[in-house]
Amino acid sequence: MASSLPLHHPSHCLISNPQFRGSNNGCSPRPRSYFPTKDTEKGVRFQPIKAKAATEAPPFSLFQPPKDEDSPSELEPADPDFYKIGYVRSMRAYGIEFKEGPDGFGVYASKDVEPLRRARVIMEIPLELMLTVSQKLPWMFFPDIVPVGHPIFDIINSTDPETDWDLRLACLLLYAFDKEDNFWQLYGDFLPSADECPNLLLASEEELSELQDPNLASTMREQQRRALEFWEKNWHSGVPLKIKRLARDSERFIWALSMAQTRCIGMQMRIGALVQDANMLIPYADMLNHSFEPNCFFHWRFKDRMLEVMINAGKRIKKGDEMTVNYMSGQQNDMLMQRYGFSSPVNPWDVIPFSGNARIHLDSFLSVFNISGLHGEYYHNTGRLSNDGDTFVDGAIIAAARTLPTWSDGDVPPIPSMERKSVKELQEECRQILAAFPTNSKEDQKILDSMPNASRTLEAAIKSRLHRKLFVEKVMQALDIYQERILF
């Protein structure tokens, strides 16, 4: 069952994790219309940008598309129309540029930014460009594009207020594609098509089996069934044409649902005296990729109804650095896979389900890896394990500090023989976890390398099981180092 989990946008992050900075969520690929032609049965291609609008875009020196020779070979500047359709509607950006590579769009710094004591704005997106629906009854839309009496409101009103936030947002997105002169008719050309999105709603049964995770596969099958039943209920043969044309087939609706899930930003906004918790689709801001060590966050500027994307205070940004946000703080890879279709081997919040009785000394483990802070706020003090440049400590080690079974009794030191025995037992349990998989991490990597043209959902499924194994292996390595540094 889908859950309405808002994106987390902290003003700082204490996790030292350079390996996963700017990891793409797979939701911002190369722009391509979902419907390729005007005459296909699936629908009408989004209207092209009007020439007048394109020529009237005001110049803005900090937001010019980069020249080809300035871009890295693996990245390409965004289509100029991508900038213009927002600029003629008061969207603004400062010191950044949009580029696309093999994994999709990303936002990159076009100039160096020195650390400041206050956060700095890099994007301003007006409410009029967004699609929003309140999280609680009565349903309110900002801007209010749904006319009184339109049957799409009846469909939205039939959803479960507690769980169906994504269904409501998908309906609103489909309606915006059909509404004349709506901004999303143009912006929709830059959304990923069904075969370019890794969201597992779009995965086949064979691809779900590649997860090697029966629980996650079962959850996604239930999600697919839920989406299909909703479409069958509301897009049957007897519905009015104005509804039928929004999603003539179930694939169209499931694609829209995947867009709603992967691009939704949940936050509180204020319009005048009205404060609303809303689920929002925010153009341009949805191109920011995920990092467990983000350099940006979102802020609602109520006086002129703008969403601001801001650089965290104290962050030093170099030209070419990717601008990132944290999609979900405190969530394991399973939830990231369910919602976005990506995972990480260095997720600082992932866990290993140890079931034995073995325990290691918490304070000793933390001191070996120079980890400080409280259990929910661990961070690495220096970013290095030793003075020789070793960067072994990353998000996986932070996760190990949280997930390993430990004991602590003030400053009482561990008994070496007992501690060594506990470490061996924990490592053996890790080996058993790895042995339960049909493949190992090296085999998974070979499979990925041998399938350069694999579908995005299949690639995401294989990476998910690979990252799980790499995480367990990293914990085993950490336990080896723990023995070397503490016990001998």
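These legends go with several close-up views of a predicted model.

**View A. The largest nonpolar core, and who sits in the thick of it.** This core has 101 residues, and Met 123, Trp 235 and Phe 253 are the ones that touch the most other members. Helix 4 (residues 165-178) gives the largest share, with 11 residues. Look at where the members come from: domain 1 (76-126 + 284-325) and domain 2 (131-268) both contribute, so the core lies between the two domains.

**View B. Zooming in on Phe 253.** Which residues does Phe 253 contact once its neighbours within four places in sequence are left aside? The list runs Leu 167, Ala 170, Cys 171, Leu 174, Ala 227, Phe 230, Trp 231, Trp 235 and Ala 247. You have already met one of them, since Trp 235 is, like Phe 253, among the residues that touch the most other members of the largest core. There is also a second, separate core, made of 34 residues, and its members include Ala 399, Leu 426, Cys 430 and Phe 471.

**View C. A four-strand sheet with strand 6 on the inside.** The sheet is open, its 4 strands come in the order 7-6-9-8, and they pair in an antiparallel way. Strand 7 and strand 8 (264-271) are the edges, as each of them pairs on one side only. Strands of a sheet pair through backbone hydrogen bonds, and they can do that either parallel or antiparallel. On one side, strand 6 is joined to strand 9 (residues 274-281) by 4 bridges. Strand 6 also pairs with strand 7 (residues 141-142), this time over 2 bridges. To get from strand 6 to strand 7, the chain makes a hairpin through 6 residues.

**View D. Strand 6 up close, residue by residue.** Start with Thr 132, which has a partner in each neighbouring strand: Met 280 stands opposite in strand 9, and Phe 142 stands opposite in strand 7. Next door in strand 6, Leu 131 has Leu 281 of strand 9 as its bridge partner. Now for the faces of the strand. In a regular strand the side chains alternate between the two faces of the sheet. Are the two faces of strand 6 (residues 131-134) covered or uncovered? Both are covered: Leu 131 and Val 133 are buried on one side, and Thr 132 and Ser 134 are buried on the other.

**View E. Arg 226 and its two acidic partners.** Side chains of opposite charge can pair when their charged atoms come close. Arg 226 makes a salt bridge with Asp 164, with the closest N and O atoms 3.1 Å apart. Asp 164 sits in the loop between helix 3 (151-157) and helix 4, while Arg 226 is in helix 7 (residues 214-234), so this pair ties together parts that are 62 residues apart in sequence. Arg 226 forms another salt bridge with Asp 166, and here the closest N and O atoms are 2.7 Å apart. Because Asp 166 belongs to helix 4 and Arg 226 to helix 7, this pair ties together parts that are 60 residues apart in sequence. Are these charged residues buried or exposed? Asp 164 is buried at 11% relative accessible area, Arg 226 is buried at 9%, and Asp 166 is buried at 0%.

**View F. A salt bridge within one helix.** Glu 428 and Arg 431 form a salt bridge with their closest N and O atoms 3.6 Å apart. Both are in helix 13 (residues 416-435), 3 residues apart, which is about one turn of the helix. Glu 428 is partly exposed, with 38% relative accessibility, and Arg 431 is partly exposed too, at 41%. How many salt bridges turn up in the whole structure? The search finds 21. Elsewhere, Glu 124, Arg 301, Asp 304 and Glu 308 are linked in a network of them.

**View G. The two sides of helix 14.** In helix 14 (residues 441-449), Ser 441, Asp 444 and Leu 448 are buried. These three cover an arc of only 60° around the axis, so they end up on the same side of the helix. Over on the other side, Lys 442, Lys 446 and Asp 449 are exposed.

**View H. A buried proline in a loop.** Pro 294 is in the loop between strand 10 (289-290) and strand 11 (296-301). Its relative accessible area is 0%, so Pro 294 counts as buried. Pro 294 and Lys 315 are 21 residues apart along the chain, and their C-alpha atoms are separated by 9.8 Å.

Definitions and conventions
Residues numbered from 1 in each chain as written. Predicted model: local features only at pLDDT ≥ 70, side-chain atom pairs only at ≥ 80, totals over all residues. Heavy atoms only, no water. Core = buried A, V, L, I, M, F, W, Y, C linked by side-chain atoms within 4.5 Å. Buried < 20%, exposed > 50% of the residue type's maximum accessible area, 1.4 Å probe, protein only. Domains from an automatic or database assignment. Contact = heavy atoms within 4.5 Å. Pairing = 2+ DSSP bridges. Salt bridge = Lys/Arg side-chain N within 4 Å of Asp/Glu carboxyl O. Arc of directions from axis to C-beta.
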